[in-house]
Amino acid sequence: MTTPQKRHPFNLTSPFLHEESMNGNDKICEFKIQLLEREMARLRRCRALLDHEIEECAGEIRKLERERAAIKEGKPVSDARPALVVGQSAWFDKLSDDAFLRISNLVRKPSRRTEEVLLPFSASALWRMVSDGRFPQPIKLSARITAWRVRDIRSWLQRSDLQ
């Protein structure tokens, strides 16, 4: 009884490829090398992503441990996020009333949590408010570009109860 040969996850060994035939067949060896190099590159990218995730989790754990220690000592816990003041931003205050803002300037994407934006809700909530008539209608600048006038947003901010 023969034991089955252990195979690579990518099935690089074939019953038709024997060690003797591979010695003279450079194309097969080159193919295997390229396949393994691509797999190594993919695994390195995965490792880099995982390292980033691990570092974010470790930072969050350190922050929570500091907060827990402060709570045990009876000290006030300060939140790392700055207080959100809706509609007040240095870049927004400098814009003229005739300027246009796109949705990326108004709301925060989940992937860009650190960017300074104007409104504290998501893009889907913004579009829902537009369709309900609770937010100014945008202006179509072209077939694929929609924007809002700064004047309309400022007047909405003054009327709204977000500030």
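**Exercise 1.** In this predicted model, find which residues T146 touches, leaving aside residues up to four places away in sequence, and decide whether T146 is buried or exposed.

*Solution.* Start with the contacts: beyond its sequence neighbours up to four places away, T146 touches R102, W127, P138, I139 and K140. Next, place the residue in the fold, where T146 belongs to strand β3, which covers residues 146-149. Finally, compare the relative accessible area of T146, which is 18%, with the cut-off for buried, which is under 20%; T146 is therefore buried.

**Exercise 2.** Work out the order of the strands in the sheet that contains β3, and state which strands are at the edges.

*Solution.* The sheet is open and has 3 strands, arranged in the order β1-β3-β2 with antiparallel pairing. The edge strands are β1 (100-101) and β2 (139-140), each of which pairs on one side only. Between β2 and β3, which run antiparallel, there are 2 bridges, and I139 stands opposite A147 in β3. Helix α6 (residues 150-159) lies across β1 and β3, and runs at about 60° to β3.

**Exercise 3.** Describe how the rings of F135 and W148 are placed relative to each other, and say which parts of the chain the pair ties together.

*Solution.* The model has 4 aromatic pairs. In the pair of F135 and W148, the ring centres are 6.0 Å apart and the planes stand at 70°, so the pair is edge-to-face. Because F135 lies in the loop between α5 (123-132) and β2, while W148 lies in strand β3, the pair ties together parts that are 13 residues apart in sequence. As a last step, consider accessibility: F135 is buried at 3%, and W148 is buried at 0%.

Methods:
Residues are numbered from 1 along each chain as its sequence is written. This is a predicted model: local features need pLDDT of at least 70, side-chain atom pairs count only at pLDDT 80 or more; totals for chains, interfaces and linings use all residues. Side-chain values use heavy atoms; hydrogens and water are left out. Helices (H or I, at least four residues) and strands (E, at least two) are DSSP runs, numbered from the N terminus. Buried means under 20% relative accessible area, exposed over 50%, partly exposed in between (1.4 Å probe, protein chains only). Contact means heavy atoms within 4.5 Å. Two strands pair if DSSP finds at least two bridges between them. Axes are lines fitted to C-alpha atoms, for helices over the stretch in contact, and angles run from 0 to 180 degrees between N-to-C directions. Rings of Phe, Tyr and Trp (its six-membered ring) pair if their centres lie within 6.5 Å; planes under 30 degrees apart count as stacked, over 60 as edge-to-face and the rest as tilted.
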